[in-house]
Amino acid sequence: MARKKKAEKEAPKSIWENKEFFLALDQLEKEKGIPVDYMLDRVGQALITAYKRENAGMTDNIYVIPNREESTIRMFVRKTVVDDVYEPYEELSIEEAREYKPGAMLGDIIDIDVPTRYFSRIAAQTAKQVIIQGIREAERGRTYAEFESKEHEIMTAQVSRIDPRTGSIALEIVSQGEKTEAILSPGEQVPGEQYAEGDFIKVYLIEVRKGTRGTQVMISRTHPGLVKRLFELEVPEIHSGVVEVKSIAREAGNRTKIAVTANDENVDPIGACIGARGARVNSIVDQLGGEKIDVVKWSEDTAAFVSAALAPADVVSATLQPDGKSCRVIVPDDQLSLAIGKEGQNARLAAKLTGCKIDIAPASQAANEPAEAPVPEAEASAVDAEAPETEPPATETEAVETIAGISAGPLVQEPGAEVAQPADEPSRLTDGPAPDEAGLPETEE
């Protein structure tokens, strides 16, 4: 009887001898892409956790050895042979050691097999939970890795539901078999666009984060990167690098300005982006819900770049100021409102595109401005009262307000103030002769 018991202890005992379990792991790898080795590692951790649950004093002297070829998983407890046993979970006497290994000596390391029947139902349930958690973590990790590689790219998403209270839209995004849900907040939606459940829309993937509930995908429909990626899809020259996008300024839903340049002198960058009869740019406009797009040519010369950025308005001259951050632009009188744009939009987008503060003035006012003429004290006080001295605008909004001030016209003389007239010129306030077409007074012969 003793020999039989000794033989049982000497014989290795497999924890699991189940081919179906390993086949299930292989199927899991094919369907969800979770490696078998990863799952076997999680199974080993689960078994160790279950064993420690049943043996409160157990330390880290327990390990698991899986064997895919034999479809087995074995667990062992490693103990040291000593004279007097103080730690029964880590040590064993020489008599006990020789039951597992004949001829064992003091100091030897004995690996003792742990059979599955030692596990209780609660411990087995714990192991099951660890395995399930491992599968979930593997799926999240795979989803995160897949979408992380798609950052700053365009993806197609399907509208799954719309929150009528907040206006947020839940989208379902699929990439290489990995599926995740993203929320398109009202601030990232293009004003005026209408969506319905089941619609497919293109979104720009801003960032991917790891959250407690899985992968969080940050998306947008208003980001300037969306326009850039759409041009890369529609214009082969941009995708190949022959034409380069230098900068983009966008007010989603209204207007976008994009600056491009060609790395080949034989290629027209603007013509490549617009396409034959506007086919390429019109396709992008349709995908953006009718948003207007201005394609301008980028230039190293800041003044020339600012002139191009103010399109469709014509520019008479553009002068870069000494600070290197602002530009004085002269436009024809009939082009002033076009250069500024509705509510200052054209000038604002041009400033964003060029990174330069823009001061726009009509040609007539620029021609009447003295070069460096000093201002008399009386007139200076009147000017200070009517229009206090201002510093160059620090923001684009202030730039638009400055533009509006310039277009308002010259200062109006207050009633009752004396107007100095040249001695040889009759006053226009009297009944003298009216000026001719050239603006000069007629002379009497």
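# A walk through the predicted model

Helix α9 spans residues 279-287, and its buried residues are Val-281, Ile-284 and Val-285. Viewed along the axis of α9, these buried residues fall within an arc of 105°, so they line one face of the helix. The elements that cover them include α6 (224-234), α8 (269-274) and β13 (292-297). Just past the end of α9, Gly-289 has a positive phi of about 70°. The model is a predicted one, and the values that follow are computed from it.

Two of the elements that cover α9, namely α6 and β13, lead on to the sheets. Strands of a sheet pair through backbone hydrogen bonds, either parallel or antiparallel. One open sheet is formed by five strands in the order β8-β7-β6-β9-β10, with antiparallel pairing. At its edges stand β8 (178-184) and β10 (214-220), each with a single partner strand, so one side of each has no neighbour in the sheet. From one strand to the next, the twist of this sheet averages 50°.

Within this sheet, strand β6 (residues 154-162) pairs with strand β7 (residues 169-175) in the antiparallel sense over five bridges. Val-159 has Leu-171 of β7 as its bridge partner. Further along the order, β9 and β10 pair in the antiparallel sense over seven bridges. Here Leu-205 has Ile-219 of β10 as its bridge partner, and a hairpin joins β9 to β10 through two residues.

Strand β10 is at an edge of the sheet, but how many of its seven residues are buried? Five of the seven are buried, so β10 is largely enclosed by the rest of the structure. Helix α6 lies across β6 and β9 (200-211), and runs at about 120° to β9.

The other sheet to consider is the one that contains β13. Three strands form this open sheet in the order β11-β12-β13, and the pairing is mixed. Strands β11 (243-251) and β13 stand at the edges, each with a single partner strand, so one side of each is left without a neighbour in the sheet. The twist here averages 20° from one strand to the next. Strand β12 (residues 255-262) pairs with β13 in the parallel sense over six bridges, and Ala-259 has Val-296 of β13 as its bridge partner. Helix α10 (residues 302-309) packs on the sheet and touches β11, β12 and β13, its direction making about 155° with that of β13.

Helix α12 (residues 345-354) lies across β11, β12 and β13 and runs at about 135° to β11. Gln-345 is found in this helix. Is Gln-345 buried or exposed? Its relative accessible area is 15%, and because buried means under 20%, Gln-345 counts as buried. Leaving out residues up to four places away in sequence, Gln-345 touches Glu-251, Asn-254, Arg-255 and Ile-340.

Another buried residue, Val-77, lies in strand β3 (residues 72-82) and has a relative accessible area of 3%. Apart from neighbours within four places in sequence, the residues in contact with Val-77 include Tyr-51, Met-58, Ile-62, Tyr-89 and Ile-112. Glu-90 is 13 residues from Val-77 in sequence and 8.2 Å from it in space, C-alpha to C-alpha.

Some side chains meet aromatic rings. The charged end of Lys-210 sits over the ring of Tyr-144, 4.8 Å from its centre. Lys-246 lies over the face of Trp-298, at 4.6 Å from the ring centre. A search of the whole structure for aromatic pairs finds one.

The backbone has a few further features to point out. Most residues other than glycine have a negative phi, and most peptide bonds are trans. His-152 has a positive phi, near 65°; this residue is in the loop between α5 (121-148) and β6 and, at 37% relative accessibility, counts as partly exposed. Glu-343 also has a positive phi, near 55°. Glu-343 lies in the loop between α11 (336-340) and α12, and at 68% relative accessibility counts as exposed. The peptide bond from Ala-311 to Pro-312 is cis, with omega near 15°. Pro-312 is placed in the loop between α10 and β14 (317-320).

Technical notes: Residues numbered from 1 in each chain as written. Predicted model: local features only at pLDDT ≥ 70, side-chain atom pairs only at ≥ 80, totals over all residues. Heavy atoms only, no water. Buried < 20%, exposed > 50% of the residue type's maximum accessible area, 1.4 Å probe, protein only. Helix = DSSP H or I, 4+ residues; strand = E, 2+ residues; numbered from the N terminus. Arc of directions from axis to C-beta. Contact = heavy atoms within 4.5 Å. Pairing = 2+ DSSP bridges. Axes fitted to C-alpha atoms, helices over the stretch in contact; angles between N-to-C directions. Phe/Tyr/Trp six-rings, centres within 6.5 Å; stacked < 30°, edge-to-face > 60°. Lys NZ or Arg CZ within 6 Å of the ring centre and 35° of its normal.
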